[in-house]
Amino acid sequence: MKARKKKKDIKVLLQLFTLFFKLGPSTFGGGYAMIAAIEREIVNKKAWLKPGEIGDMVSVAGSAPGGVAVNSAAFVGYKLAGVLGAVVAVFAITLPTFLIVLILSILGMLFQDVPKVQAALKGVHAAVVALIIVAAYKIGKASIMDIPTLLIASISVLLLLFTPLHSLYLILGGPVAGVAIIAVKKVLGLSAQTEKQVKDQQADLNYLEYYI
């Protein structure tokens with residue numbers, strides 16, 4: 001039994017390493033740009049997380065110090081294989097990025113004045129914007145479930161766009177506002193929904209491919 005369990009644990013660790021090593025090169029533009037790719041792999045293909053847990057993953061990853069992609073990998077790795085799983089997932093997702101940045105840094109110094117290289121980078125910038133918008137849309141569908149959550153999201157966006165308020169205060173204020181709203185609803189005897197119900201279990205496969 002122990003040998004079988006150990007073999008199973010090793011298999012899970014290898015799967016974690018392979019998956020996040022493959023996802024690592026898709027982190028151009030920051031962690032939020034790869035949320036759709038992470039969701040496709042760990043929810044639709046591997047079924048490691050339920051659709052509703054993606055919102056939890058993004059909340060934890062965005063609130064904790066460090067990159068969103070790395071924190072997301074740690075979240076998934078820990079859920080599947082504990083501390084060792086988190087370590088393997090983080091190492092796997094950072095290794096290809098480190099190697100790519102190292103190679104690009106060397107090549108960039110050699111070819112930074114080439115017009116075609118500059119044009120290619122501008123194309124990458126435009127694509128990253130689209131990917132972040134898609135990720136925001138999908139997170140919004142899972143997180144905005146009623147008028148209070150819509151108001152919190154809208155006010156947060158307005159504060160980020162039109163005030164110099166640091167995002168840390170929004171991260172800290174979001175949970176406080178959520179707890180306060182739930183408490184008020186319970187006092188008033190209203191329904192206090194904390195998770196969005198999934199109406200359709202069919203996986204949404206219309207994801208943008210994001211492998212560069």
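Of the 26 residues in the largest nonpolar core, which touch the most other members? In this predicted model, they are F20, L23, I42, L49, I54, M57 and V76. Helices α1 (2-23), α2 (35-45), α3 (53-63) and α4 each supply at least two residues of this core, and α4 gives the most, with eight residues. The points below take up the shape of α4, a nonpolar patch on the surface, and a network of salt bridges centred on named residues of α1 and α2.

**Helix α4**

- Helix α4 covers residues 68-111, and although a straight helix of its 44 residues would reach 64 Å at 1.5 Å a residue, the C-alpha atoms at its ends are only 30 Å apart.
- A kink of about 145° is found in α4, and the kink is centred on A81.

**Nonpolar surface patch**

- A nonpolar patch lies on the surface, formed by F98, L99, L102, I103, L104, I106, L107, L110, F111, V114, V117 and L121, which together have about 1100 Å² of accessible area.
- Both α4 and α5 (115-143) supply at least two residues each to the nonpolar patch, with α4 giving the most, at nine residues.
- V117, one of the patch residues, is found in helix α5 and counts as partly exposed because its relative accessibility is 33%, which lies between the limits of 20% for buried and 50% for exposed.
- As a general background to these two groupings, nonpolar side chains in soluble globular proteins tend to be buried together.

**Salt bridges**

- The count of salt bridges comes to five, among them one between E41 and K22, whose closest N and O atoms are 3.3 Å apart.
- Because E41 lies in helix α2 and K22 in helix α1, this pair ties together parts that are 19 residues apart in sequence.
- The two partners differ in their cover, since E41 is buried, with a relative accessible area of 2%, whereas K22 counts as partly exposed at 40% relative accessibility.
- E41 also forms a salt bridge with R40, with the closest N and O atoms 3.8 Å apart, and both of these residues are buried.
- A further salt bridge joins K45 to E41, the closest N and O atoms being 3.5 Å apart; both residues lie in helix α2, four residues apart, which is about one turn of the helix.
- K45 counts as exposed, at 56% relative accessibility, and through salt bridges that share partners K22, R40, E41 and K45 are joined into one network.

Conventions. Residues are numbered from 1 along each chain as its sequence is written. This is a predicted model: local features need pLDDT of at least 70, side-chain atom pairs count only at pLDDT 80 or more; totals for chains, interfaces and linings use all residues. Side-chain values use heavy atoms; hydrogens and water are left out. The expected span of a helix is 1.5 Å times one less than its number of residues. The bend at a residue is the angle between axes fitted to the seven residues ending there and the seven starting there. Patches are made of residues with over 30% relative accessible area and no salt bridge: like charges are joined within 9 Å, nonpolar side chains (Val, Leu, Ile, Met, Phe, Trp, Tyr) within 5 Å. Accessible areas come from the Shrake-Rupley method with a 1.4 Å probe; for residues, only the protein chains shown count as cover. A salt bridge is a side-chain nitrogen of Lys or Arg within 4 Å of a carboxyl oxygen of Asp or Glu. Buried means under 20% relative accessible area, exposed over 50%, partly exposed in between (1.4 Å probe, protein chains only). A nonpolar core is a set of buried Ala, Val, Leu, Ile, Met, Phe, Trp, Tyr and Cys residues joined through side-chain atoms within 4.5 Å.
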